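Hi,

Here is the structure I said I would pass on. Have a look at it first, and my notes on what turned up follow underneath.

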Amino acid sequence: MGFSDRPIDDQTDVSLLDTTLRDGEQAPGVSLTPEEKAEIAQALDRAKVDVIEAGSACTGEGERRTIKRVTDLDLDATITSFCRGIQSDVELALDCGVDGINLVVPASDRHVETKVDSTREDVIASTAELIEFATDHGLWVEVIGEDGSRADLEFLEELMATALDAGADRVCYADTVGHAGPERAYEVVSALSELGPTSAHTHDDLGLGVTNALAAIDAGADLVHATVNGVGERAGNAALEEIAIALEHVYGIETVETEQLYALGQTVANATGIDLPPNKAVLGQNAFTHESGIHTDGTLKDDAMYEPYAPETVGRERRIVAGKHTGRAGARAALEEHGVEASDDELDEIVQRVKAIGDRGKRVTDADLLTIAEEVTEGERERRVELVDMTAASGGGTPTASVRLRVDGEEHQAAATGSGPVDAAISAVREVLGEQTASLDSYEVDAITGGHDAVVTVEVEMSRGDRSVSVRSSDADITTASVQAMVEALDRLLASDDDTEALLADD
């Protein structure tokens, strides 16, 4: 950062506190079930995240049951509850069996005077009393000065010094509304870290969440708060995966098991329903995907040519895809991923056809590339999975669907229910093939035409083991388009699988 005489890589002991289950859940439209919170907590623990803020015990009985669900998992991580500056919140947290609390108290005059209608003196006194109560009951305590980035620094120092004297384990600089830049984070954390162990909680309203977290570490913070995928209220929080990989790659500071980050990100995306933008750092679909001929050729010659670190570092794999900018090397590599061989002349023809699609402004899916290759090479494709027919209904009751598939020449039928006809139909396909056959990584309604003959285009990306494939399908009915795309993707993925029995669900 260039702020201190002691560079960030001299500070080798940095821990992460994940607040996906509390601050992340405050993103509009996100509500996690106890099972989803437990699944995320277990994924965080596999990644060796040090502290997991499981929720706010004061929210209600349902939230307390959810927090207890996490504390009952007996994880290695320290489990905490968010508490306001009132004793009843601490008592409720104790009832949930947490290891500690994140005690938030007002720090800026805006919060002291307007939000809680108090005075600086009363906030200091009540904070000390609450800390003594919490520590007397065996809780680990972190005191967060809410809106600390806009607080009077002298008052914030006095408040946090009192907190540490009263027995708090650490204090936390909070840029509650993503207001400040790295210079302010450095200034405040430098002062607080002189008092004792200091954390940082930063938001991304200015796109500076991770930058401010790194500035805080540079100033002496040894614990930073974050959420997986950066989910959270407004523009979200500093992203845990971005902080972790920045610290390891740039500064040589290890915080978590980075190989677990992609699986962790997928778990959170699925639970929250918030898809990652393709260009999202670390976990976005495009982070290790190459189309450009120059970049693809360079990457094939040297993995590090156009990547800052190997995709395996964060549990991912490199992908070569076809498109307008595809060259011969990239096309050959993309085809080889699917076990397709082509001569030099055939490859030239394939590249020209791919570029022609791209020139029309269309995205070239894996299925497009493979279909072109089959036409050019006159190769015969033996389908393993075909959709024979499908029915779906959702009028007035529980959405249901029935599908009939031909798998290696034999027909199989299944029915299922779902949250909608598309969900029901996809569940029926999985009933036939087995839940673990392949994972549906992305689902996008790409285009809908207007008028009485409207056509919807659905694009899916699915993966099985170390292979993935994208497929687009169009139909007047969204359910039909979705199932056709999914079945086509499954057929492409399973084309090289010799284990027929593995395709079918247990009877």
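Let's start with a pair of helices: H1 passes H2 in a right-handed crossing. H1 covers residues 34-46 and H2 covers residues 61-71, and the two pack at an angle of about 35° with their axes 9 Å apart. If you want to find the contact on screen, look for Pro34, Lys37, Ala38 and Ala41 on the H1 side, which meet Glu63, Thr66, Arg69 and Val70 on the H2 side. Sorted by class, that contact has four nonpolar, one polar and three charged residues.

Before going further, please keep in mind that this is a predicted model. As for the overall picture, the protein chain has 507 residues, and 51% of them are buried. Its secondary structure comes to 16 helices and 16 strands. Taking the contacts between residues at least 6 apart in sequence, 65% join residues at least 24 apart.

Back to helix pairs, since there are two more to show you. In general, two packed helices are described by the angle between their axes and the distance between the axes, so I'll give both values each time.

Further along the chain, helix H13 (residues 344-359) packs with helix H14 (residues 366-377) at an angle of about 140°, and their axes are 10 Å apart. H13 is therefore oblique to H14, as an angle has to be over 145 degrees to count as roughly antiparallel. Their crossing is right-handed. H13 brings Glu346, Glu349, Ile350, Arg353, Val354 and Ile357 to the contact, while H14 brings Leu369, Ile372, Ala373, Glu375, Val376 and Thr377. By class, the contact of H13 with H14 divides into seven nonpolar residues, one polar and four charged.

The other pair is H15 (residues 421-433) and H16 (residues 478-494), which pack at an angle of about 30° with their axes 9 Å apart. Angles under 35 degrees count as roughly parallel, so that is how H15 runs relative to H16. The crossing of H15 and H16 is right-handed. On the H15 side the contact is made by Pro421, Val422, Ala425, Ile426, Val429, Arg430 and Leu433, and on the H16 side by Ile478, Thr479, Ser482, Val483, Met486 and Leu490. The residues in the contact of H15 with H16 divide into ten nonpolar, two polar and one charged.

Now for the cysteines. How many disulfides does the structure hold? Zero. Take cysteine 96, for instance: the nearest cysteine sulfur belongs to cysteine 83 and is 9.0 Å away, so cysteine 96 is in no disulfide, given that a pair has to be within 2.5 Å to count. Cysteine 96 is buried, because its relative accessibility is 3% and the cut-off for buried is under 20%. Cysteine 172 is buried too, with a relative accessible area of 1%.

A few backbone spots are worth a click as well. Most residues other than glycine have a negative phi. Aspartate 117, however, has a positive phi, near 50°. You'll find aspartate 117 in the loop between helix H4 (109-115) and helix H5 (120-136). Valine 282 also has a positive phi, near 70°, and sits in the loop between H10 and strand E9 (289-290). Are these two buried or exposed? Aspartate 117 counts as exposed, because its relative accessibility is 66%, whereas valine 282 counts as buried at 6%.

Finally, here are two places where residues from separate parts of the sequence come together in space. Glycine 252 lies in the loop between helix H9 (240-251) and helix H10 (261-272), and is exposed, with a relative accessible area of 57%. Along the chain, glycine 252 is 244 residues from isoleucine 8, yet their C-alpha atoms are separated by 9.5 Å. The other place involves aspartate 95, which is in helix H3 (residues 87-95). Aspartate 95 is exposed as well, at 55% relative accessibility. Lysine 68 is 27 residues from aspartate 95 in sequence, and the C-alpha to C-alpha distance between them is 8.6 Å.

That's what I have for now.

Cheers

Conventions. Residues are numbered from 1 along each chain as its sequence is written. This is a predicted model: local features need pLDDT of at least 70, side-chain atom pairs count only at pLDDT 80 or more; totals for chains, interfaces and linings use all residues. Side-chain values use heavy atoms; hydrogens and water are left out. Buried means under 20% relative accessible area, exposed over 50%, partly exposed in between (1.4 Å probe, protein chains only). Axes are lines fitted to C-alpha atoms, for helices over the stretch in contact, and angles run from 0 to 180 degrees between N-to-C directions. Helices (H or I, at least four residues) and strands (E, at least two) are DSSP runs, numbered from the N terminus. Angles under 35 degrees count as roughly parallel, over 145 as roughly antiparallel, 65 to 115 as roughly perpendicular and the rest as oblique. A crossing is left-handed if the near helix is turned anticlockwise from the far one by less than a right angle, and right-handed if clockwise. Contact means heavy atoms within 4.5 Å. Ala, Val, Leu, Ile, Met, Phe, Trp, Tyr, Cys and Pro count as nonpolar, Asp, Glu, Lys and Arg as charged, and the others, Gly among them, as polar.
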